[in-house]
Amino acid sequence: MKISIIGYKNHALRLKSILHGLGYTDILTYNHHNDTTNTLRDSDVYFISSPNETHFDWILRLQEYNKYIYCEKPPATNIKDLCKLKHMVNEKLYFNFNYRHSLFAKSVIKYLLDEELGKLLYIHFISTHGLAFKKSFQDNWRFNGINLFSSIIGNLGIHYVDLVGYISGGINEIESKSTSIISNNLPDTVNIKLNTKICDAEIFISYAAPFRNQATAIFDNGIVELLDGQISIQTPRDTYDGTGRFAPPKKKQLYKGFNNTKDYYDNSLNQSIMYFLNLAKTNASVPKDEQIISLQSCEKLLNSITN
């Protein structure tokens, strides 16, 4: 299988490394400064890993080849292009929201389906680190561009918004509040509140705070938590101390094998890539409902920052 990656830095190289690890060696990383689109024509699948605002244009260019396309999030950076994507019929177009393939997501969905922990009441995400304070990133496009969807909102926030929509079956409303702690133009800190079909959710993300990576799903009979790559469960609700007062249920680790947050999220990216490549190898359609939730989540978030 011949693979072309649109992009040649950072995440494109990360994708190439993962593909090599999966046994794929015929890989081109497309550099728009040196390469022409003719070099892409005979590829079997494409990975779009270029800057956010170029994703939509690359989808239009590549779909004429009628090959499988893996597009990094977000699908587009404005409502007009999103609307075009919603009306576009392309069963070979996959949007990479790899948090859907994370073990936290799989755990929460499992307990939703088997009802072992009861009703899902609330989801909360915190994802912070101090990237904005690094001198090497002061002039980075994440902070000094003009498109809000090229900021932390479109790079990180959209991942969690999509995951909430995926877990809950759809988002009703989004309210977002952004601020700049240190960056000059684009925000570096955002709080997002969501109302979904089954519960409320909240997302706090920042490039200007100490490291924290935590996800919590609160059911009426238990709690599923991700903290620094470790997933645990606490149940049952009716747990008491020696005086008969409510006490925290004992914490039980669900999965072992991740040393840190990076290992955990690398696993979800690997799983997402393998899922896509399996679709391509078996000539299967990308599920339409997965495409719809991706586009709807993106549209809801865009509306919340432009209205």
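This report describes the fold of a predicted model, from overall dimensions to sheets and helix contacts.

## Basis of the model

The model is predicted, and local features need pLDDT of at least 70, side-chain atom pairs count only at pLDDT 80 or more, and totals for chains, interfaces and linings use all residues. Residues are numbered from 1 along each chain as its sequence is written, and side-chain values use heavy atoms, with hydrogens and water left out.

## Overall dimensions

The chain contains eight helices and 13 strands. These elements are DSSP runs (helices: H or I, at least four residues; strands: E, at least two), numbered from the N terminus.

A compact globule of 307 residues would have a radius of gyration near 19 Å, and the value of 20 Å for the chain agrees with this. The radius is taken over C-alpha atoms, and the globule rule is 2.2 Å times the number of residues to the power 0.38. Along the principal axes, the C-alpha atoms fill a box of roughly 75 × 45 × 35 Å.

## The five-stranded sheet

Strands in the order 2-1-3-4-5 form an open sheet of five strands with parallel pairing. Two strands pair if DSSP finds at least two bridges between them. Strand 2 (27-30) and strand 5 (93-96) are the edge strands, each pairing on one side only. On average, neighbouring strands here are turned by 20° against each other, direction ignored. Axes are lines fitted to C-alpha atoms, for helices over the stretch in contact, and angles run from 0 to 180 degrees between N-to-C directions.

Within this sheet, strand 3 (residues 45-48) and strand 4 (residues 68-72) are joined in the parallel sense over four bridges. Phenylalanine 47 has tyrosine 70 in strand 4 as its bridge partner.

Two helices lie across strands of this sheet. Helix 1 (residues 10-21) crosses strand 1 (3-6), strand 2, strand 3 and strand 4, and runs at about 160° to strand 1. Helix 7 (residues 261-281) lies across strand 3, strand 4 and strand 5, at about 160° to strand 4.

## The eight-stranded sheet

The other open sheet has eight strands in the order 7-8-9-6-10-11-12-13, and its pairing is mixed. Strand 7 (171-179) and strand 13 (251-253) are at the edges with a single partner strand each, so one side of each has no neighbour in the sheet. The average turn between neighbouring strands is 15°, direction ignored. At one edge, strand 7 pairs with strand 8 (residues 189-196) in the antiparallel sense over eight bridges; serine 176 has isoleucine 192 in strand 8 as its bridge partner.

Helix 4 packs on this sheet and touches strand 6 (120-128), strand 10 (212-219), strand 11 (222-227) and strand 12 (230-234), with its direction at about 5° to that of strand 10. Contact means heavy atoms within 4.5 Å.

## Two hairpins

Strand 10 and strand 11 run antiparallel and are joined by six bridges. They form a hairpin with two residues between them, and alanine 215 stands opposite leucine 226 in strand 11.

Strand 11 also pairs with strand 12, in the antiparallel sense over five bridges. Valine 224 has isoleucine 233 in strand 12 as its bridge partner. This hairpin also has two residues between its strands, and aspartate 228 in the turn has a positive phi of about 55°.

## Helix contacts

Helix 4 (residues 103-114) packs against helix 6 (residues 152-168) at an angle of about 25°, with the axes 10 Å apart. Helix 4 is therefore roughly parallel to helix 6. Angles under 35 degrees count as roughly parallel, over 145 as roughly antiparallel, 65 to 115 as roughly perpendicular and the rest as oblique. Helix 4 contributes Ala105, Val108, Ile109 and Leu112 to the contact, and helix 6 contributes Leu163, Tyr166 and Ile167. By class, these are seven nonpolar, no polar and no charged residues. Ala, Val, Leu, Ile, Met, Phe, Trp, Tyr, Cys and Pro count as nonpolar, Asp, Glu, Lys and Arg as charged, and the others, Gly among them, as polar.

Helix 6 also packs against helix 8 (residues 288-306), at an angle of about 125° and with the axes 9 Å apart; the two are therefore oblique to each other. Ile153, Gly157, Ile158, Val161, Asp162, Gly165 and Tyr166 of helix 6 meet Ile293, Ser294, Ser297, Cys298, Leu301 and Ile305 of helix 8. This contact has eight nonpolar, four polar and one charged residues.
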